[in-house]
Structure formats: structure tokens, C-alpha cells
Amino acid sequence: VFIPGLKEVHIASVAEFNTAYANGCKNRRTASTLLNSTSSRSHAVLIIKVNYTMDSKVLTGKLHLIDLAGSEDNRKTNNKGIRMTESSNINSSLFVLGKVVTALNEKQSRVPYRDSCLTRLLQDSLGGRSHGTMIVNIAPESMHFFNTYMSLNFASKSRHIVNEPIINETYI
């Protein structure tokens, strides 16, 4: 998967991780909308890949940490220009993520992982060979009822995805 600006950084210590993570956070954009003064303008994806050499084999594990930007109703946010483009991209990738979840739950022959960079990156975690956990942030205010309902509905559908975790090992 080619994503402009995406980097793989090899680290060997907590200090190196903290530096790499801080640099990644600097690239995350927020901006003000009518609903949120610090609205995320993109999804954040952190993939931690760990290799462990044992005897004559290398064990590999991946941890995907994803912070999805919430879907946006442009009638409520009053987004225009670049904010509208960002919102459109966010909503589009969330739509594809929903299509992937539906395809997996319905055991469809084609799962549209390639329809979005996000779902392509998360393929291991979506019906793949990894464990997955979802944390959903919800808003208690009545004005956010619909978004909360939709988020919980998505989480409910996602929990039915069946992954087949395996130990990734290569012999050297």
C-alpha cells in the first residue's frame, strides 16, 4: 500500500519509539468546525511490528492502533473548501470500512479491502490473522444521540467479524 508520507521507522528503545511517535503526532491535523473546535481531520494509524529471534526462527507480531476520525454531517459542521474535502475523505473511508465489515459478516466472496487505504492497512485486523479490539467513544449529550447510536451499531457489527489468529514465524 502506497500512502504519501507514510514511513516505517525501525526502533530499538522506548526513547526511539517516543521520538517516532511524537513526530507522527505532529503530522496529525485538527481544525475547528461548528461541532468541534479540535476536530480530527484524518484517521491516525500506528502499526507496531515486533520481531523476536528465537533459536532458528523469527517470530513476528503486529499491533494496530487506529484512531478513526468521526463521520461528519456537513450540514451541521458548515464545512467548506479544504474542510469539506477532508470531511469527504473521512466519510468515504468510513463508508468503505462499513462495506468491509458487512462483506465479512455476510461472508461475501469479495471483500472490498482495496477500495480504501484505511481498509488495506487494516486487512490483517479485519477478518485476517490478528486479534482485534475496538474501543468506541460516545457522547452523552442528546444532540449526539444519532452519532452515538451509529457508532455503537458499527461496533456491534464489527464484533461479529471472525479472525483466525496465527503465530507468524519464519525460519532462518
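**Surroundings of His43, the sheet and the nonpolar core**

In the predicted model, His43 is placed in the loop that runs between strand S2 (39-40) and strand S3 (44-54). Although it belongs to a loop, His43 counts as buried, because its relative accessibility is 18% and the limit for a buried residue is under 20%. Two polar interactions of the His43 side chain can be described: the backbone nitrogen of Ala69 is reached at 2.9 Å, and a polar contact of 2.6 Å links the side chain to that of Ser93. When neighbours within four places in sequence are left aside, the residues in contact with His43 are Arg28, Asp67, Leu68, Ala69, Ile90, Ser93, Leu94 and Leu118. Both polar partners, Ala69 and Ser93, thus appear in this list of contacts.

Strand S3, which follows the loop of His43, takes part in an open sheet of three strands, arranged in the order S3-S4-S5 and paired in the antiparallel sense. S3 and strand S5 (168-171) form the edges of this sheet, and since each has a single partner strand, one side of each is left without a neighbour in the sheet. From one strand to the next, the twist averages 25 degrees. The antiparallel pairing of strand S4 (residues 57-67) with S5 extends over four bridges, and Thr60 has Asn168 as its bridge partner in S5. In general, the strands of a sheet are paired through backbone hydrogen bonds, in either a parallel or an antiparallel manner.

The largest nonpolar core comprises 13 residues, and those with the most contacts inside it are Leu97, Val100, Leu104, Tyr113, Leu126 and Ile161. Helix H3 (residues 82-105) supplies the largest share of this core, with seven residues. For Leu97, the contacts beyond neighbours within four places in sequence are with Leu68, Leu118, Thr119, Leu126 and Phe154. Among these, Leu68 and Leu118 are also listed as contacts of His43, so that the two residues are shared between the surroundings of His43 and those of Leu97, given that contact requires heavy atoms within 4.5 Å.

With regard to the cysteines, a search of the whole structure returned zero disulfides, a disulfide being a covalent bond between the sulfur atoms of two cysteines. Cys25 is classed as partly exposed, because its relative accessible area is 39%, and Cys117 likewise counts as partly exposed, with a relative accessibility of 41%.

How values were computed:
Residues numbered from 1 in each chain as written. Predicted model: local features only at pLDDT ≥ 70, side-chain atom pairs only at ≥ 80, totals over all residues. Heavy atoms only, no water. Helix = DSSP H or I, 4+ residues; strand = E, 2+ residues; numbered from the N terminus. Buried < 20%, exposed > 50% of the residue type's maximum accessible area, 1.4 Å probe, protein only. Polar contact = N/O pair within 3.5 Å; in protein donor to acceptor, adjacent residues only side chain to side chain. Pairing = 2+ DSSP bridges. Axes fitted to C-alpha atoms, helices over the stretch in contact; angles between N-to-C directions. Disulfide = S-S within 2.5 Å. Core = buried A, V, L, I, M, F, W, Y, C linked by side-chain atoms within 4.5 Å.
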